[in-house]
Amino acid sequence: MTNPPSEPPPPTVDEPIAADTLPVRIAAAEAMRRLNHAMVAHETDPELLQRIAREANATAAIVEAGARRQRPIRQMKTQLWQTTPEEGQRLAHFEECMVSGRANPMGIAMQPRRQGDRIVADVNFGAAFEGAPKRAHGGAVAAVMDDIMGYVLLLTATPAFTGRLSISYRAPTPVQTDLVASAWMDRRDGRKVFLVGDLRTAEGDLIAEADALFVAIPRERLT
Ligand SMILES: CCCCCCCCCCCCCCCC(=O)SCCNC(=O)CCNC(=O)[C@H](O)C(C)(C)COP(=O)(O)OP(=O)(O)OC[C@H]1O[C@@H](n2cnc3c(N)ncnc32)[C@H](O)[C@@H]1OP(=O)(O)O
């Protein structure tokens, strides 16, 4: 008995999101984030939930039949380490980032920008990021602080990975509320970069403090 001929796997694309498709990717991701949060935050008829499951599965099958995407490391190198962000510029390490990417349908969609030697970001944890009732999940808060610290490294063009991240949760982090995260470099000791930051309400009340050690990576290791 011979096996039926198998479908050739779809090719892999290792290019950044093309500029002409970025706006529609962002729009689709935004709509899906809205739906995700709505499903968590609202009562819904079972019939509507069945329709969502049917239509989402059908759409997913179409998307999965397309070429696979893989983020190229050269994109990271050129985008991250060859330009210094301008004051006030909206930043994105990459648009699929789970914290600050606009094109991630499951992301937090934090909006970071440069403010002098700091990175400041508007963040609003949607209903799907709730942990304890009415509070954002502590892991989501940690993700925000890790990600915003990654942007501080842009200011000195220092490629580095998080080695250690510590969060002090000083007050509940409200969901569905506009908040402000900030991060800046505290000091540097050789390859060890020490960063600090905090998360505050729009009125400036402290919610969480973060400190981290990032370990700088020699550029020749970025292959
Ligand atoms: C490379 C380009 C990246 C670009 C950035 C991505 C761009 C796109 C944005 C994505 C968004 C951003 C988000 C936020 C950034 C993440 O989230 S990064 C992801 C999470 N982190 C990781 O995956 C890191 C995993 N760990 C590792 O790869 C390696 O352990 C490390 C951290 C690179 C260090 O390894 P290593 O280069 O071999 O360093 P090593 O020689 O052992 O240590 C150097 C020094 O650091 C100290 N050290 C090392 N690790 C630790 C640790 N965990 N704790 C305490 N001290 C430590 C050592 O003790 C040593 O100190 P001294 O003896 O010199 O005093």
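Where does Arg 102 lie? In this predicted model, Arg 102 is found in the loop between helix 3 and strand 3 (111–115), and the legends below begin with the whole protein before turning to this and other places.

**Figure 1. The whole protein, a predicted model with four helices and eight strands.** Read from the N terminus on, the elements follow the order β-α-α-β-α-β-β-α-β-β-β-β, and the C-alpha trace spans about 65 × 50 × 35 Å along its principal axes. The protein averages a pLDDT of 92, and 92% of the residues score at least 70, while the model as a whole has an ipTM of 0.94 and a pTM of 0.92. Of the 223 residues, 35% count as buried, and the accessible surface of the protein comes to about 13,600 Å², with 53% of that area belonging to carbon and sulfur atoms. If one takes the contacts between residues at least 6 apart in sequence, 66% of them join residues at least 24 apart.

**Figure 2. The surroundings of Arg 102, in the loop between helix 3 and strand 3.** Leaving aside residues up to four places away in sequence, Arg 102 touches Leu 22, Ile 26, Ala 29, Arg 33, Arg 90 and Glu 95. With one of these residues, Glu 95, the side chain of Arg 102 makes a polar contact of 2.6 Å. Glu 30 offers a useful exercise in comparing sequence with space, since 72 residues separate Arg 102 from Glu 30 along the chain, and yet their C-alpha atoms are 7.4 Å apart. Arg 102 counts as partly exposed because its relative accessibility is 31%, a value that falls between the limits of 20% for buried and 50% for exposed.

**Figure 3. The ligand and the residues that surround it.** The shell around the ligand holds 20 residues, and the closest of them are Asp 146, Thr 162, Gly 163, Arg 191 and Lys 192. In the side chain of Asp 146, an N or O atom is 2.8 Å from an oxygen atom of the ligand, and in the side chain of Arg 191 an N or O atom is 2.6 Å from an oxygen atom of the ligand. Thr 162 takes part through its backbone, where an N or O atom lies 3.0 Å from a nitrogen atom of the ligand. On its own the ligand has 1,300 Å² of accessible area, and the protein covers 56% of this. Two or more residues of the shell come from each of helix 3 (73–81), helix 4 (138–152), strand 5 (160–169) and strand 8 (206–216), and strand 5 gives the most, with four residues. Sorted by class, the shell has 12 nonpolar, three polar and five charged residues.

**Figure 4. Two loop residues with a positive phi, Lys 134 and Ala 157.** Most residues other than glycine have a negative phi. Lys 134, however, has a phi near 70 degrees, and its place is in the loop between strand 4 (118–123) and helix 4. Ala 157, which sits in the loop between helix 4 and strand 5, has a phi near 50 degrees, again a positive value in a residue other than glycine. Are these residues buried or exposed? Lys 134 counts as exposed because its relative accessibility is 68%, whereas Ala 157, with a relative accessible area of 25%, is partly exposed.

How values were computed: Residues numbered from 1 in each chain as written. Predicted model: local features only at pLDDT ≥ 70, side-chain atom pairs only at ≥ 80, totals over all residues. Heavy atoms only, no water. pLDDT = per-residue confidence, 0-100. Near = heavy atom within 4 Å. Polar contact = N/O pair within 3.5 Å; in protein donor to acceptor, adjacent residues only side chain to side chain. Areas by Shrake-Rupley, 256 points an atom, 1.4 Å probe, with all protein chains shown as cover. Nonpolar A, V, L, I, M, F, W, Y, C, P; charged D, E, K, R; others polar. Buried < 20%, exposed > 50% of the residue type's maximum accessible area, 1.4 Å probe, protein only. Contact = heavy atoms within 4.5 Å.
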